[in-house]
Amino acid sequence: MTSTEERPERSVPKPVFTDAEAGAKEFPDSGPGARRYNYFKPAKRKQTHYEDVTVEVQPDPRHYLTQGWIYGFADGSRGYPLTWTKLKAWGVDDPEPERGPGSGGKPIENWPAHGWHEFRDPNEEWELTMYRNNANVVRQVTQNVENARNAKAFEQWTQNWVRFVERNVGAWMHIEHVLGLYVFAGCNRSGPTNMHNTAMVVNSEHKIRFAQDLALYNLTLSEEIEGFDGSAHTAAWNSDAEWQGVRKVVEEITAIEDDWGEMIFATNIVFEPLLGELFRSNLVMQSAAGNGDYVTPTVMGAGEYDFAQRDLRWTVAAFAPLTQDREFADHNKQLFDSWTAKWVPKCLEAARTMQPLWSQPDAKPPRFEDSLDRAKSRFAGILSDLGLEPPKELNQ
Amino acid sequence: MSRQSLAKAHQKIQELSWEPQYHEPYMKYGTDYTFRKAAKKDPLKQVLRSYFPMQEEKDNRVYGASDGAIRGNMFRQVQERWLEWQKLFLSIIPLPEISAARSMPMLFQAVPNPELHNGQAIQMIDEVRHSTIQQNLKRLYMNNYIDPAGFNNTLRNFHSDYCGTIGRQFAEGFITGDAITAASIYLTIVAETAFTNTLFVAMPAEAAANGDYLLPTVFHSVQSDESRHISNGYATLLMALSDEDNRQLLERDLRYAWWNNHRVVDAAIGTFIEYGTKDRRKDRESYAEMWRRWIYDDYYRAYLLPLEKYGLVIPHDLVEESWNQIWNKGYVHEVAQFFATGWLANYWRIDGMTDEDFEWFEYKYPGWYDKYGKWWENYNRLAKPNGHHPIVAEDVDYVYPHRCWTCMVPCLVREDMVVDKVDGQWRTYCHEACRWTDAEAFRPTYQGRETPNMGKLVGHREWETLYHGWNWADVVSDMGFVRDDGKTMTAQPHLDLDPKKMWTLDHLRRMPHVASPNVILNEMSDADREAFVADYNRQGPAGRPADATS
Ligand SMILES: [Fe+2]
Ligand SMILES: [Fe+2]
């Protein structure tokens, strides 16, 4: 038989009925109208979940920041200065409310104080969506590569194509990595609102993940393909003539001085269509199948999809209104034009240094000039979505 | 992914490390620290291929629990005393979290080792998670808890309120000034490694004891990311230590960061845990006991002390002094009393203390009743409007305190208050360590050494200045802490939601005007100021006037 010993009562907090649930009593603010975040104007009639978790988390002294920013940099700048890009949105030149002895808090009457606050990420990204989306992508990529491995799909690759993938598809990982870390993550301290900076983080996630997808794909290939050189990608990135032009542009983008707007514009608006899609879609995706490779396009395609469907989308949503801005449309258009005039020739020059890649595979992709024309017209289309004209430099 | 393939994968992604060949990235954020470039190991060993699904899985658990809490009518068992303080806490914390994300690129530039950047980028992603998941939790409270006032205008409140401003140090301090001081020492080495235990472990436990098991679900999930961030900080700290020139700056920054975290976090979390709970079991740990275990033993003794042999100068004196403040000088009790004194300037309801609370305090902090008991009895007596003023304007043996210019918590341990004329202005400080922070540490030279990247303490740091000469009713409506009938206050000094028992703007009209202690201080003659300081230092405990102290 078992003896039941008297155990000392465990010390645990006791549940108490408090009836502290919504609707239990009536008093000022107890109604359903009081149950929404009420310190900003939603972009559309219906306030979104995304807005609730992002809008106004980053304060703005032109809204409610009664006591002002409380830490400054050595040069006196504080918070998130609107001058960290030369782009302007309506209202930014209006003076900040001056607060001092007896001034009161001077809260904003008409939200928002300036045009930057009108931006919403059309992808509505926050933590829930960014993990869901990226987890789906890694699952899909892993599965595709796994299936290919089981089906021995890599055995059909020609020697030339193996070399092409180990060097060139491999080299692309570095580009995604540098842009992901040093442009998109790098700028998330700089944007004027929480919505901008959060969109930049999500963009950065896509790029860093894509870089790693390519690196791990490269690792799988070195395990699966006899003679596949897993270090060739570094050699290509460091010294292949075809890669030095694009590397120069990528590094030069990270060196842009103190302008997050130009960095994002140069990357997502100019670099991505003219070099990113040129290489990923117009070369790799177009030539893989002809060379017996059905796997690389799925890995590349995941990154391509992120750019085309998400990263470009938020960027256009952030920049297009600036060319129609009620105060600074001309200023912004001139600035954008000067940026395209600066970056288009650099990108085109880099594209041409990549040209020899088009003749490396056995089964040839479309002609380089056709690929480039496609990239150019895609770029011109993006510019027109932004309300901008293609620059004359595009005809080079 | 298997362990082995994960290790291989991690090894592989090291090949991504970038050494610029044609253009160096633009350096936006400066530091006075120097780092020698040396091959380093990524301390996080995290690959996004496993990271994203792992985080998604964590999310599934959190959101599953949220649905369950609502279906299970959790709010029928939630203590209002507790949840009211969440109106303050959850208004603050999403900004520190997102600021931590924003601070990571400052480290990319300051720390030249690309191997560390991968870990910093992962931390950046984590922090976006923390900020938005907390905004979401607060939204859920707003939708399901009996009183949404204070939640529904949460970020306006936070940006308008002096408590919010105190909390904002724990955000702006991560992203402004010298990049290493801010993003590494203040954020990672001190805030995350030492103080997140009280934030993300102690507080959730207290929430659960008050019927709220959602806060623990969310915050434990947040804390599970924190160990990664601690490894980031440790790797950077070791690199900084390897250059002897950095040691003077490390000493300065550890002193500042330690003391500021103590002043700010212990004030807030100490109050929530001791005064925001209904759980008065004698065997539940007090904040002081938790502090001793997590901060003193686990952080100071187990983490900081071993770094001494690498040349780190540890602020032993300030660690001991923080304990002295909590244990002997009643720091948390003084702060809670001040919060309650100024209830009308905030946006949550503060419950009074009962006999059961008194008994617990006396048991945990012997001598508590003699110091604070009478005042809390007065608080209860004056809780419902009945022809008298709110307690701040009634005679309850309490001298309204001056604010500390540095940490912005009032100078509540009256004997420690010091004044100094800094930047042409007379300022009060809660403690010599706070005076030193403003007058010596946050300056372009430190002990004769040029520190051109050091940040500055700026802004309207004394809240009362802005409302000097204002009527209280106008102050409260200017801040927006008013309910939807246009007159009932969001804040109340009790939990009774009967509209007849609630304070309105009309009750405030007859109060004396707000006066800024700092404005008045600066109008004093030298002799008056000296007399004021001497008197102030003789005040307390519990804010008693000098002559009332026996
Ligand atoms: Fe965090
Ligand atoms: Fe202080």
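The following exchange goes through how some labels in this predicted model are assigned.

Colleague: What makes the contact of B:Glu464 and B:Arg403 a salt bridge?

Modeller: The N to O distance between their side chains is 2.9 Å. The cut-off is a Lys or Arg side-chain nitrogen within 4 Å of a carboxyl oxygen of Asp or Glu, so the pair of B:Glu464 and B:Arg403 counts as a salt bridge.

Colleague: Which parts of chain B does this pair tie together?

Modeller: B:Glu464 lies in helix H17 (residues 463-466) and B:Arg403 in the loop between H15 and S1, so parts 61 residues apart in sequence are tied together.

Colleague: Why is B:Glu464 called buried?

Modeller: Its relative accessibility is 1%. Buried means under 20%, so B:Glu464 falls in that class. B:Arg403, at 5%, counts as buried too.

Colleague: How do you know that B:Arg435 and B:Asp420 form a salt bridge?

Modeller: Their closest N and O atoms are 3.0 Å apart, and the limit is 4 Å. The pair links helix H16 (residues 432-441), which holds B:Arg435, with strand S1, which holds B:Asp420, 15 residues apart. B:Arg435 has a relative accessible area of 14% and is therefore buried, the cut-off being under 20%.

Colleague: What distance supports the salt bridge of B:Arg443 and B:Asp423?

Modeller: The side chains meet at 2.8 Å, N to O. B:Arg443 sits in the loop between H16 and strand S3 (445-446), B:Asp423 in the loop between S1 and strand S2 (425-429), 20 residues apart.

Colleague: Is B:Asp423 buried or exposed?

Modeller: Exposed: its relative accessibility is 54%, and the class begins over 50%.

Colleague: Why is B:Asp397 called partly exposed?

Modeller: Its relative accessible area is 38%. Partly exposed lies between the buried limit of 20% and the exposed limit of 50%, so B:Asp397 belongs there. This residue is in the loop between helix H15 (368-381) and strand S1 (418-422) of chain B. Together with B:Asp395, B:Asp535 and B:Asp547, B:Asp397 forms a negative surface patch.

Colleague: What makes B:Glu97, B:Glu127 and B:His130 donors of the iron ion (ligand 1)?

Modeller: B:Glu97 (OE), B:Glu127 (OE) and B:His130 (ND1) coordinate the ion at 2.1 to 2.2 Å. A donor is an N, O or S atom within 2.8 Å of the metal, so these atoms qualify. The donors follow the spacing E-x29-E-x2-H along the chain. B:Glu97 in helix H4 (residues 94-110) and B:His130 in helix H5 (residues 114-144) are 33 residues apart. Both B:Glu97 and B:His130 are buried.

Technical notes. Residues numbered from 1 in each chain as written. Chains lettered and ligands numbered in written order. Predicted model: local features only at pLDDT ≥ 70, side-chain atom pairs only at ≥ 80, totals over all residues. Heavy atoms only, no water. Patch = residues over 30% accessible without salt bridge, like charges linked within 9 Å, V, L, I, M, F, W, Y side chains within 5 Å. Areas by Shrake-Rupley, 256 points an atom, 1.4 Å probe, with all protein chains shown as cover. Lys, Arg positive; Asp, Glu negative; His and termini not counted. Charge placed at Lys NZ, Arg CZ, Asp CG, Glu CD. Helix = DSSP H or I, 4+ residues; strand = E, 2+ residues; numbered from the N terminus. Buried < 20%, exposed > 50% of the residue type's maximum accessible area, 1.4 Å probe, protein only. Donors = N, O, S within 2.8 Å, 3.2 Å for Na, K, Ca; no water.
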